[in-house]
Amino acid sequence: MTGPGIEFETALNAAIDGKTKPPGSLGRIEELAAQVARVQGSLTPRMETCRHIIFAADHGLALEGVSAFPQAVTREMVKNFLAGGAASNVFARANGIDLAVVDAGVAGEPLRADGLVSARIAGGTASALAGPAMTTAQAEQALAEGERMARGMPSDALSVGEMGIGNTSSAALLAAKLNGRPVAEFTGRGTGLDDAGLANKVAILEQAAARTPERLNGRTALTEYGGFEIAMMAGAMLAGAEDGRVVIVDGFIATAAAAVALDIDPTARPAMVFAHQSAEAGHRLLCDCIGARPLLHLEMRLGEGTGALLAWPVIRAAVAMLNEMASFESAGVSRSE
């Protein structure tokens, strides 16, 4: 996507600074309003509808003991999403957001359930400890599936979430390889590992990381270490940005997907709003690596796109400020000298 020109920027800055407030006094809200205006190429942007997609898939690496929960939880949580009982369902309902659930590659027999979108590549990835998590063809298929689902959606914004036992391990490996840093720096407790479990997780991820060069490009890193759900999130983000939608990025795993997407196409960056700072170790570092500034700091680390769903009202409020707040001239308020 390409940005607006100088005349648009001048008019946008004048519109925001001309509101009945000291310049810059609304802080990040002013930045958000300007970002959305640029994405849509409009001084009166629209931000009324959001589509939230949860991609679910399993990871072969989970069988190596990197998670406190068994792999079966992925399938069980998919059923919970479909029944409307998860935190993401609650937050989506509270904010009037349409939610879809996608089987990107849940382990076991293919799921059959009303409301479930099936885009499964396989019944989970291979273990990245022994070799590539997926084939090049599978990685490209997953990216394409994510793009297909996000393409041409009738919504102003797209937010994505994920479910997959072991996916904090994949995210840590992706973050490490994209930035050429030790994987231990990005590795946290995930679903709640104790100290011994965390030490074991770090050891396993260091062994997996040692298989490949210190730094990898996005597509290669995704093939070696990613999950099907992470690849689909990356593809969806790329399509959303190309279509001129605001792309709301959730926490650690979604940010790893965003980092992959940005390595593939850096021009997607202006569309991305980073929703919240995850409590998962490594997210702050990853945000620093890609220059992301999350909006919210709620000490959350759940996933499912919960932080993205909670950021939606803030984004809407920023756009409402730009469209509805009076100017000094229209309100008859004197400007400061």
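This briefing describes the internal spaces, two helices and the salt bridges of the structure shown above. The model is predicted. The largest pocket encloses about 480 Å³, and the second largest pocket about 210 Å³. One cavity of 30 Å³ or more is counted, and the structure holds 18 salt bridges.

**The largest pocket**

- A total of 29 residues line the largest pocket, and those that lie nearest its centre are Gly190, Thr191, Arg301, Leu302 and Gly303.
- Two or more lining residues come from each of helix H3 (72-83), strand E4 (157-163), helix H6 (167-179) and helix H10 (252-264).
- By class, the lining of the largest pocket comprises ten nonpolar, twelve polar and seven charged residues.

**The second largest pocket**

- The second largest pocket has a lining of 13 residues, with Arg28, Glu31, Gln35, Met272 and Arg293 nearest its centre.
- Helix H2 (28-40) and strand E6 (272-274) are the elements that give two or more residues to this lining.
- H2 gives the most, with five residues.
- The lining of the second largest pocket divides into six nonpolar, two polar and five charged residues.

**The cavity**

- The largest cavity has a volume of about 30 Å³.
- Its lining consists of His59, Leu61, Thr125, Ala126, Ala128, Ala133, Ser170, Tyr225 and Gly226.
- Five of the residues lining the largest cavity are nonpolar and four are polar, while no charged residue takes part.

**Helix H6**

- H6 has 13 residues, which should span 18 Å at 1.5 Å a residue; the end C-alpha atoms of H6 are 18 Å apart, in agreement with that expectation.
- Because 13 of the 13 residues of H6 are buried, this helix is largely enclosed by the rest of the structure.
- Glycine 180, just after H6, takes a positive phi of about 65°.
- H6 is also one of the elements that give two or more residues to the lining of the largest pocket.

**Helix H2**

- From its first C-alpha to its last, the 13-residue helix H2 reaches 18 Å, close to the 18 Å expected at 1.5 Å a residue.
- The buried residues of H2 are Glu30, Leu32, Ala33, Ala34, Gln35, Val36, Ala37 and Val39.
- The elements covering these buried residues include helix H1 (6-17), strand E5 (246-249), E6 and helix H12 (306-324).
- Gln35, one of the buried residues of H2, is also among the residues nearest the centre of the second largest pocket.
- Glycine 41 follows just after H2 and takes a positive phi of about 65°.

**A salt bridge within H2**

- Arginine 28 forms a salt bridge with glutamate 31, and their closest N and O atoms are 3.4 Å apart.
- Both residues lie in helix H2, three residues apart, about one turn of the helix.
- An α-helix has 3.6 residues a turn, so residues three or four places apart point the same way.
- Arginine 28 is partly exposed, with a relative accessible area of 27%, and glutamate 31 is likewise partly exposed, at 41%.
- Arg28 and Glu31 are also among the residues nearest the centre of the second largest pocket.

**Salt bridges between separate parts of the chain**

- Arginine 46 forms a salt bridge with aspartate 156, with 3.5 Å between the closest N and O atoms.
- Arginine 46 lies in the loop between H2 and strand E1 (50-57), and aspartate 156 in the loop between helix H5 (136-150) and E4, so this pair ties together parts that are 110 residues apart in sequence.
- Arginine 46 is partly exposed, with a relative accessible area of 49%, whereas aspartate 156 is buried, with a relative accessible area of 13%.
- Glutamate 140 forms a salt bridge with arginine 219, the closest N and O atoms being 2.8 Å apart.
- Glutamate 140 belongs to helix H5 and arginine 219 to helix H8 (residues 218-225), so the pair ties together parts that are 79 residues apart in sequence.
- Glutamate 140 counts as partly exposed at 32% relative accessibility, as does arginine 219 at 39%.

**A salt-bridge network**

- A network of salt bridges links Glu147, Arg151, Glu242, Asp243 and Arg245.

Definitions and conventions. Residues numbered from 1 in each chain as written. Predicted model: local features only at pLDDT ≥ 70, side-chain atom pairs only at ≥ 80, totals over all residues. Heavy atoms only, no water. 1 Å grid on protein atoms, 1.4 Å probe; cavity = no way out; pocket = protein on both sides within 12 Å on 5 of 7 lines; lining within 4 Å. Points joined across faces, edges and corners; volume = space filled by probe spheres on them. Nonpolar A, V, L, I, M, F, W, Y, C, P; charged D, E, K, R; others polar. Helix = DSSP H or I, 4+ residues; strand = E, 2+ residues; numbered from the N terminus. Expected span 1.5 Å × (residues − 1). Buried < 20%, exposed > 50% of the residue type's maximum accessible area, 1.4 Å probe, protein only. Contact = heavy atoms within 4.5 Å. Salt bridge = Lys/Arg side-chain N within 4 Å of Asp/Glu carboxyl O.
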